[in-house]
Amino acid sequence: MAERRFDLIVFDWDGTLMDSTASIVSAIQAACADLGLPVPTREAASHVIGLGLSDALHTAVPELDPADYPRMVERYRYHYFARDGQLVLFDGAEELVSQLRAAGYMLAIATGKSRAGLDRALASTGIGPLFQGSRTADETHSKPHPAMLLELMDEFAVPAARVLMVGDTTHDLQMAQNAGTAALGVSYGAHPAEQLVAAAPLALLHSVAELGEWLAANA
């Protein structure tokens, strides 16, 4: 067998493990409509997935007065929670994570979700016990700042050269670059393939099955 390249594999959540991109986009658009704001395009709303909430609102809805952020957040959560029970993991995601854990990798999550949101998602999917660590955007700096990865590297005493980030947005890939770690992109989530390729990941995979094959052969 080839020597293992990585010890810690860090996954993004939305659009990488959970099939939630369309629900997030719809909730952003509906919240803007509720507040009488210009409704962002699907592309614009998708672009902010993975960012912390304040950064996401500033980017997706630049017309929004920061004083109105709480109202926007309330409306976004209203519409997102209406779909929350329908959200599921991508086909094969649970099996992939379980196989990686059984193979001895340390696994973690770095997400733009809040801690409460991630905990709820992990509980609803039942895969929380497969991960040994996580960072959320309300606990530390938002992507693409490297803090999430740097903190996980410190927590698990793993050097950057032994860490692999897996994500569906340029925010994930840029965070990995900023932290000095390797990264894989997946094209089935929020950001277009051409944008992900431009961020120079080790590879761009187009399904969970392809991701699993790459990891089995190269990680």
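## Exercises on ring contacts, salt bridges and a parallel sheet

The charged end of Arg75 sits over the ring of Tyr78, 4.5 Å from its centre. Here a charge counts as sitting over a ring if NZ of Lys or CZ of Arg is within 6 Å of the ring centre and within 35 degrees of the ring normal. The model is predicted, so local features need pLDDT of at least 70 and side-chain atom pairs count only at pLDDT 80 or more, while totals for chains, interfaces and linings use all residues. Residues are numbered from 1 along each chain as its sequence is written, and side-chain values use heavy atoms, with hydrogens and water left out.

### Exercise 1: a charge over Tyr105

Find which charged end sits over the ring of Tyr105.

Solution. Look at Arg4: its charged end sits over the Tyr105 ring, 3.9 Å from the centre.

### Exercise 2: aromatic pairs

Work out how Phe90 and Tyr188 are arranged, and which parts of the chain they tie together.

Solution.
1. Start with the criterion: rings of Phe, Tyr and Trp (its six-membered ring) pair if their centres lie within 6.5 Å, and planes under 30 degrees apart count as stacked, over 60 as edge-to-face and the rest as tilted.
2. Searching the whole structure gives three aromatic pairs.
3. For Phe90 and Tyr188 the centres are 4.7 Å apart with 70° between the planes, an edge-to-face pair.
4. Phe90 lies in the loop between helix H4 (69-84) and helix H5 (93-102), and Tyr188 in the loop between strand E5 (182-186) and helix H9 (193-198), so the pair ties together parts that are 98 residues apart in sequence. Helices (H or I, at least four residues) and strands (E, at least two) are DSSP runs, numbered from the N terminus.
5. Both Phe90 and Tyr188 are buried; buried means under 20% relative accessible area, exposed over 50%, and partly exposed in between (1.4 Å probe, protein chains only).
6. Elsewhere, Tyr76, Tyr80 and Phe81 form one aromatic cluster.

### Exercise 3: salt bridges

Locate the salt bridges of Asp7, Asp14 and Glu155, and decide whether each partner is buried or partly exposed.

Solution.
1. Side chains of opposite charge can pair when their charged atoms come close. The cut-off is a side-chain nitrogen of Lys or Arg within 4 Å of a carboxyl oxygen of Asp or Glu.
2. The whole structure holds ten salt bridges by this search.
3. Asp7 meets Arg162 at 2.9 Å, N to O. Asp7 lies in the segment before strand E1 (8-11) and Arg162 in the loop between helix H7 (147-156) and strand E4 (163-167), so this bridge ties together parts that are 155 residues apart in sequence. Asp7 is partly exposed at 27% relative accessible area, and Arg162 is partly exposed at 23%.
4. Lys113 meets Asp14 at 3.3 Å, N to O. Lys113 lies in the loop between strand E2 (106-111) and helix H6 (115-125), Asp14 in the loop between E1 and helix H1 (21-34), so parts 99 residues apart in sequence are tied together. Lys113 counts as buried at 11% relative accessibility, and Asp14 is buried at 7%.
5. Arg135 and Glu155 meet at 3.0 Å, N to O. Arg135 lies in strand E3 (residues 133-136) and Glu155 in helix H7, so the pair ties together parts that are 20 residues apart in sequence. Arg135 counts as buried at 16%, whereas Glu155 is partly exposed at 42%.
6. A network of salt bridges also links Asp12, Lys143 and Asp172.

### Exercise 4: the sheet

Derive the strand order of the open sheet and find which strands stand at the edges.

Solution.
1. Two strands pair if DSSP finds at least two bridges between them.
2. E1 and E2 run parallel, joined by four bridges; Ile9 stands opposite Leu107 in E2, and Phe11 opposite Ile109.
3. E1 also pairs with E4 in the parallel sense over four bridges, with Val10 opposite Met165 and Phe11 opposite Val166.
4. Four bridges join E2 to E3, again parallel, and Ala108 has Gly133 in E3 as its bridge partner.
5. The six-stranded open sheet has the order E3-E2-E1-E4-E5-E6, with parallel pairing. E3 and strand E6 (204-205) stand at the edges with a single partner strand each, so one side of each is left without a neighbour in the sheet.

### Exercise 5: burial and handedness

Describe which way the E1 side chains point, how enclosed E2 is, and the hand of the unit made by E2, H6 and E3.

Solution.
1. From E1, Leu8 and Val10 point one way and Ile9 and Phe11 the other way, all of them buried.
2. Five of the six residues of E2 are buried, so E2 is largely enclosed by the rest of the structure.
3. E2, H6 and E3 make a right-handed β-α-β unit: with the strands pointing away from the viewer, the path from the first strand over the helix to the second runs clockwise.
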